[in-house]
Amino acid sequence: NGHFVGFSKDSRLPAEFDITEALAKGRAKTKQNHEELDNLRKDHELFVLVTRWSDGSYLEDQDHWWMAGIHRAVDILRRPNGADVIDFRVQGDADGRLSISFDCTQTSIDECYAVATLFDDDQCNKFGGRQSGGNQVWSRRMPLIFPNHSIKTFDLSEIVCNGMPKQWTAEDPNLYTLVISLYKDTCSKPMQVESCRVGFRTVDIIDGSLTINGKIVTICGVNRHDHDPDTGKVVSLESMAKDIEVLKLNNFNAVRTSHYPNSSEFYRLCDFFGLYLCDEANIEVHGVVPSGQLVNDFGWRDAFVSRVLRMVQRDRNHSCIILWSLGNESGRGINLTKARECLRRLDLSRPIMYESGGDAALGTGVTELTDIVCPMYPKVAEVVELGNDSDDDRPIILCEYSHSMGNSNGNIHQYFDKFWGPNSRIQGGFIWDLKDQGLRKICHKTGREYFAYGGDFGEKKHDAQFCINGILFPDGVAHPSLYECKYLQQPIKISPVNADVIKIVVGEHVPEVQVEMKVEKRNKFLRFDSLDWEWSIISDLSTPL
């Protein structure tokens, strides 16, 4: 309606503006006819200006398609009077402790109270829709008392489910649903209802190893960009679900949201299907020389800090997030030190991971900024060396490795030999990356469809095929390397105990042979009886006997 309401510089996080006053004023017109003015005020105009380049662009120098525009949903939310819960935080621990904290402001003098109720998750499907009523497992009523109509934080922490909740892991992602309802004492109808899913799980570092619910896990991960060959950075819910389905079917258990927070829907799907996430702030100062210039410039401090804190404030209720990341390849300095300190004030329940850049002087994933030693593209021998370093007691998880460009991933089995090996500090990593970032295009000469990359749009400055480096083609079809990853990441290992070779000749007597196989369980939470078993004997001609 012609009234300025605000601006935002982080292109991967929600920007929220209070437009109440602008709506009340209506559209500003100079016409004298009062009846016409009244009619005009029934309609409202919302204008959004997207500025492609700004000083914020220096913090968003990731290796991917730089596409201008709005990539995610635009919503207008109407909050009725009395809807005074302005934020809430929830954490479920593996021992059954449920901690709830919510900020509330009082807009009336009436006394009010909140009711927190926990349900089992049978009532929801994977997209959050209601299927059938879930069982109530816990509920508490809290009177809310406000001093001088101020904003106040209310906290509640209790052991629920008799201390034995169904725990959440990527292998077995059990969820509950928490509902917070706000009431006035004089009215039985709630003024406000907020809800989220809750998984009971605990992330910790014990004796140099990252643990989930007290057990050491191996990160079979991949880096993922938002990408669709037809819609670019606009990624549908169905496309996100398909990515997760492919990952689960091929024994991946983790995703790093390289190098920015993903859409909120992606986190809800990961909660439901079960994937561990490293949630990464929208910070990459890749092209600035020297690389530590901005991170040590006090004038950029608030820009670094706000991008990290806003990510945590949006995402901290998601059980799937087990690691926070301060960003990627942005150097080492006072601004990220401040961002880390501020993050710690918001959340102590997850370790922080950060790789500062390829320059050895910047630490290559071993600085004081990270709780996880997270090098980028180390050789296998270097991984072993890090694991044997007696002066460091942090887990080792490769933030990027096995760069999947062209005919690649050939020696990835050598990494997994160490990931599954006896050194419990060497705990896996995130392959680079999930999808080739090609865009579907039609050749105007031949009519042939192909996936375009840098230079295929007539641009003079580009990185050629550098973003064609996934284990999937842009449309989700598998590269051959995907099947190698599936085999190496499988939740069991089968090996022969007696390795004698028995030659069987067709038509001759077959001697009685006893074959012993060793089956080793690699997953940490599901039992053997959760798996279905099939076996067959195959000849050297690959036909069943």
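A residue counts as buried when its relative accessible area is under 20%. Cys399 has 1% relative accessibility and is therefore buried. The structure is a predicted model. Its largest nonpolar core holds 81 residues, and a second, separate core holds 27. The points below cover these cores, the strand E11 and its partners, helix H3, a three-stranded sheet, an exposed loop residue and the cysteines.

**Nonpolar cores**
- Within the 81-residue core, Ile219, Tyr276 and Phe304 have the most contacts.
- Helix H5, residues 301-315, supplies the largest share of this core, namely six residues.
- The separate core of 27 residues includes Met142, Leu156, Cys161 and Leu182.
- Beyond its neighbours within four places in sequence, Tyr276 is in contact with residues including Trp168, Ile212, Ile219, Val255, Ile322 and Phe525.
- The contacts of Tyr276 also include Thr169, Ala170, Val217, Asn253, Ala254 and Cys320.

**Strand E11 and its partners**
- Strand E11 spans residues 219-223 and is mostly covered, with five of its five residues buried.
- Ile219, Gly221 and Asn223 point one way from E11, whereas Cys220 and Val222 point the other way; all are buried.
- E11 pairs with strand E17 (residues 426-431) in the parallel sense, over four bridges.
- Within this pairing, Gly429 of E17 is the bridge partner of Cys220.
- E11 also pairs in the parallel sense with strand E12 (residues 254-256), over three bridges.
- Here Val255 of E12 is the bridge partner of Val222.
- Between E11 and E12 the chain passes through helix H3 (residues 237-249), forming a right-handed β-α-β crossover.

**Helix H3**
- H3 has 13 residues, and the distance from its first C-alpha to its last is 18 Å, close to the 18 Å expected at 1.5 Å a residue.
- Its buried residues are Ser239, Met240, Ala241, Asp243, Ile244, Val246 and Leu247.
- An α-helix has 3.6 residues a turn, so residues three or four places apart point the same way.
- The buried residues of H3 pack against both strands of the crossover, E11 and E12, and against helices H4 (264-273) and H9 (480-488).
- Just after H3, Asn251 adopts a positive phi of about 70 degrees.

**Antiparallel sheet E8-E9-E10**
- Three strands, in the order E8-E9-E10, form an open sheet with antiparallel pairing.
- Strands E8 (203-206) and E10 (215-216) are the edge strands, each pairing on one side only.
- Strand E9 (residues 209-212) is joined to E10 by two bridges.
- Ile212 stands opposite Lys215 in E10; Ile212 is also among the contacts of Tyr276.

**Phe298 in a loop**
- Phe298 lies in the loop between strand E13 (276-280) and H5.
- Phe298 counts as exposed because its relative accessibility is 56%, above the 50% cut-off.
- The C-alpha atom of Phe298 is 7.0 Å from that of Asn335, although the two residues are 37 places apart along the chain.

**Cysteines**
- A search of the whole structure finds zero disulfides.
- Cys399 is accordingly in no disulfide, and the nearest cysteine sulfur, that of Cys374, is 5.1 Å away.
- A disulfide requires sulfur atoms within 2.5 Å, so a separation of 5.1 Å does not qualify.
- Cys196 also counts as buried, because its relative accessibility is 16%.

Note on methods:
Residues numbered from 1 in each chain as written. Predicted model: local features only at pLDDT ≥ 70, side-chain atom pairs only at ≥ 80, totals over all residues. Heavy atoms only, no water. Core = buried A, V, L, I, M, F, W, Y, C linked by side-chain atoms within 4.5 Å. Buried < 20%, exposed > 50% of the residue type's maximum accessible area, 1.4 Å probe, protein only. Contact = heavy atoms within 4.5 Å. Pairing = 2+ DSSP bridges. Right-handed = clockwise from strand over helix to strand, strands pointing away. Expected span 1.5 Å × (residues − 1).
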